[in-house]
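Colleague: I should like to understand how the labels given to a structure follow from its values. Could you show the structure and take me through the reasoning?

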Amino acid sequence: MAQGNRISAFVLSSILVFSFLLIISMAESRILGTAGFFAKSTPECDEVVGAASGDTCFTIAQSFNLTAASFDAINPNLNCTALFVGQWLCVAGSV
């Protein structure tokens, strides 16, 4: 009977220690900013241009010597099929 109590106490204390370490690990990752280690970085825009009538993502990227991939990277939430006049588009920046 005492052997069973000792084993269950060991299991319970092991679970508590593991839970404590897990909580500390999660808190540290938030503080250090490593929680989103695999998340995409937020692009930083250095220069913007307003869309004019008839502009497309392709023509704007071409006029600023950008590849389609780099233009898309610095404008991640842009819907190129729904551009509107005056919409700000990033034409120089980093990811």
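Modeller: Let us begin with a definition: a residue is buried under 20% relative accessible area, exposed over 50%, and partly exposed in between. Please note that this is a predicted model.

Colleague: Why is cysteine 80 called partly exposed?

Modeller: Its relative accessible area is 33%. Partly exposed covers the range between 20% and 50%, so cysteine 80 counts as partly exposed.

Colleague: How do you know that cysteine 57 is joined to cysteine 80 by a disulfide?

Modeller: A disulfide requires two cysteine sulfur atoms within 2.5 Å. In this pair the S to S distance is 2.0 Å, so the definition is met. The torsion about this S-S bond is about -100 degrees, so the disulfide is left-handed. Cysteine 57 lies in helix 2, and cysteine 80 in the loop between helix 3 and strand 2.

Colleague: Is cysteine 57 buried or exposed?

Modeller: Cysteine 57 has 9% relative accessibility and therefore counts as buried, the limit being under 20%.

Colleague: What makes the bond between cysteine 45 and cysteine 90 a disulfide?

Modeller: Their sulfur atoms are 2.2 Å apart, and the cut-off is within 2.5 Å. Cysteine 45 is in strand 1 and cysteine 90 in strand 2, so the pair ties together parts 45 residues apart in sequence.

Colleague: Why is the disulfide of cysteine 45 and cysteine 90 called right-handed or left-handed?

Modeller: The torsion about its S-S bond is about 115 degrees, so this disulfide is right-handed. By the distance rule, the count comes to two disulfides, and their pattern is 1-4, 2-3, with bonded cysteines counted along the chain.

Note on methods: Residues numbered from 1 in each chain as written. Predicted model: local features only at pLDDT ≥ 70, side-chain atom pairs only at ≥ 80, totals over all residues. Heavy atoms only, no water. Helix = DSSP H or I, 4+ residues; strand = E, 2+ residues; numbered from the N terminus. Buried < 20%, exposed > 50% of the residue type's maximum accessible area, 1.4 Å probe, protein only.
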